[in-house]
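Biologist: I have a few "how do you know" questions for you today. Could you put the model up so we can go through them together?

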Amino acid sequence: MVPISLKTIFARLFDAMDRRDAGNAWVVGQASCAPTAFGAASLRVDIAAGTFVVNAGAFAAFAGGNKTPAAAIANTHVDLIYIDNAGVLQLAAGAEAAVNPVPPALPAGALGLALVFVQPGAVDYAAGLAYIFDIRQFNAPAFLPDGTAGAPILPFGNEKTTGIFRPGAARWGVSISGTQVVDVGATYLAIGTNPAASGVWRIPNNTQGASRNAANTADLNLIGLSATNKVLLAGQTPVTDGDLLTVDAATTGGLKYAPPLVGSPHDASKHTDRTRSVWVDPRNFILRSGAADLALRGANTLYQAWALDAAVVEEMVSEFLVPEDWGSGNLTFKLFWTNLGAGAGDVVWFVGAEKKVDGDNVNTGELTQQATITAPAQNILKVSSVSPAIAGVAGAYIRFRVQRVGNDAADTLGNDAGLLGVKIEYTADM
């Protein structure tokens with residue numbers, strides 16, 4: 001048998017290379033998935049391990065493998081070894097032909113690795129009767145020159161002085177209109193223009209933020225974290241709740257801290273705390289027990305007041321929402337009241353209140369407070385605190401009731417007491 005002609009071999013080889021899907025399949029690196037002969041007395045083809053892409057997908061790893069073409073019986077055949085779209089090594093056998101044997105077509109998106117020419121009588125690749133042709137497609141990496149801030153290597157078409165470049169070893173930069181504004185290194189990220197001119201914000205490691213000195217030779221730490229994850233200013237002092245931050249241009253070029261203010265973060269000594277109030281006027285009460293009535297009182301300047309009788313228990317109920325700016329502490333209930341008659345004596349006042357939020361039972365539980373207070377002279381306003389220990393919660397629903405416990409022995413005022421309304425005070429956080 002006369003060996004197949006070189007003309008036929010190369011014709012088939014170039015034909016197969018023209019069929020490669022170069023835009024969708026390739027190997028990464030010269031040694032990846034390389035085909036080689038196994039050894040003497042064998043038609044086996046070994047495929048090396050490596051990295052490849054098929055069907056324009058992601059990089060994939062091939063662990064290595066092998067395929068063995070069948071021996072030729074009467075005529076030459078050309079087999080195709082390839083990796084399919086699923087990443088599996090395949091061998092497609094070509095048909096034997098006396099003249100111009102044709103290899104199988106490479107499936108779309110697959111990675112061709114080798115064409116194997118096998119003539120009758122071939123037992124290995126050493127005697128000139130069988131050949132392995134490497135048809136791998138390589139995707140050679142592209143390497144870029146460094147460029148400069150004024151001429152970045154990856155510029156924009158409409159603004160060629162704006163883009164990305166390499167300012168030095170292990171660094172890359174971004175320039176805007178020819179001026180570097182971002183510098184990224186292995187241990188830092190710097191943002192800003194020329195530090196000597198207008199300063200730069202720099203993150204030198206994972207625990208500090210810094211500016212640069214005018215000579216761009218040292219970091220000026222502004223803010224960061226301590227070893228215990230406390231916030232640091234000027235790289236020194238942990239910041240705690242209640243600290244003040246002030247400008248310290250003379251010593252650090254940035255921020256410094258002041259000692260904490262006296263008291264807790266939200267008490268009355270802080271400028272952020274204010275005492276505010278909710279007013280519940282007499283028209284917002286509903287009579288719950290007794291015969292108390294709401295009417296205009298006084299002979300000269302008329303005012304509204306509930307008249308609560310002596311010797312019996314009379315009670316009104318009202319409600320309100322705790323304002324959203326509530327900050328801390330209990331609510332304070334202050335009764336605005338007067339004496340509607342000429343008598344003298346004490347009045348026993350009772351306040352019961354309950355706080356409810358979403359999901360609470362609005363029909364259970366309350367806190368109470370009772371106080372015996374000397375009545376003022378007729379039509380003289382008196383403000384008295386009678387406060388259950390109700391802690392505020394922003395947005396909470398408060399239901400409360402006010403009683404004159406006229407049947408209590410300590411209630412000695414013989415005529416009506418007049419309730420003008422209730423003021424509820426709270427500590428706001430702003």
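Biologist: Why is Asp183 called buried?

Modeller: Happy to explain! This is a predicted model, and in it Asp183 has a relative accessibility of 12%. Buried means under 20%, so Asp183, at 12%, counts as buried. As for its place, Asp183 sits in strand 14, residues 179-184.

Biologist: What makes the pair Asp183 and Arg171 a polar contact?

Modeller: Their side chains are joined at 2.6 Å. The cut-off is 3.5 Å between N or O atoms, so 2.6 Å falls within it. Arg171 also appears among the residues in contact with Asp183 once neighbours within four places in sequence are left aside, as do Pro167, Trp172, Tyr188, Leu189 and Ala190.

Biologist: Trp172 brings me to the surface. Which residues make the nonpolar patch with Trp172?

Modeller: Leu154 and Ile164 join Trp172 there, and the patch is about 280 Å².

Biologist: Why is Ile164 called partly exposed?

Modeller: Its relative accessible area is 36%. Partly exposed lies between the 20% limit for buried and the 50% limit for exposed, so Ile164 at 36% belongs in that class. Ile164 is part of strand 12, residues 159-165.

Biologist: One last one, my friend. How do you know that strand 25 and strand 26 pair?

Modeller: Pairing needs at least two bridges, and these strands have 5, in the antiparallel sense, so they pair. In one of the bridges, Arg297 has Tyr303 of strand 26 as its partner. The two strands form a hairpin with 5 residues between them, and Gly298 in the turn has a positive phi of about 90°.

How values were computed. Residues are numbered from 1 along each chain as its sequence is written. This is a predicted model: local features need pLDDT of at least 70, side-chain atom pairs count only at pLDDT 80 or more; totals for chains, interfaces and linings use all residues. Side-chain values use heavy atoms; hydrogens and water are left out. Patches are made of residues with over 30% relative accessible area and no salt bridge: like charges are joined within 9 Å, nonpolar side chains (Val, Leu, Ile, Met, Phe, Trp, Tyr) within 5 Å. Accessible areas come from the Shrake-Rupley method with a 1.4 Å probe; for residues, only the protein chains shown count as cover. A salt bridge is a side-chain nitrogen of Lys or Arg within 4 Å of a carboxyl oxygen of Asp or Glu. Helices (H or I, at least four residues) and strands (E, at least two) are DSSP runs, numbered from the N terminus. Buried means under 20% relative accessible area, exposed over 50%, partly exposed in between (1.4 Å probe, protein chains only). A polar contact is a pair of N or O atoms within 3.5 Å; within protein, one must be able to donate a hydrogen and the other to accept it, and residues adjacent in sequence count only if both atoms are side-chain atoms. Contact means heavy atoms within 4.5 Å.
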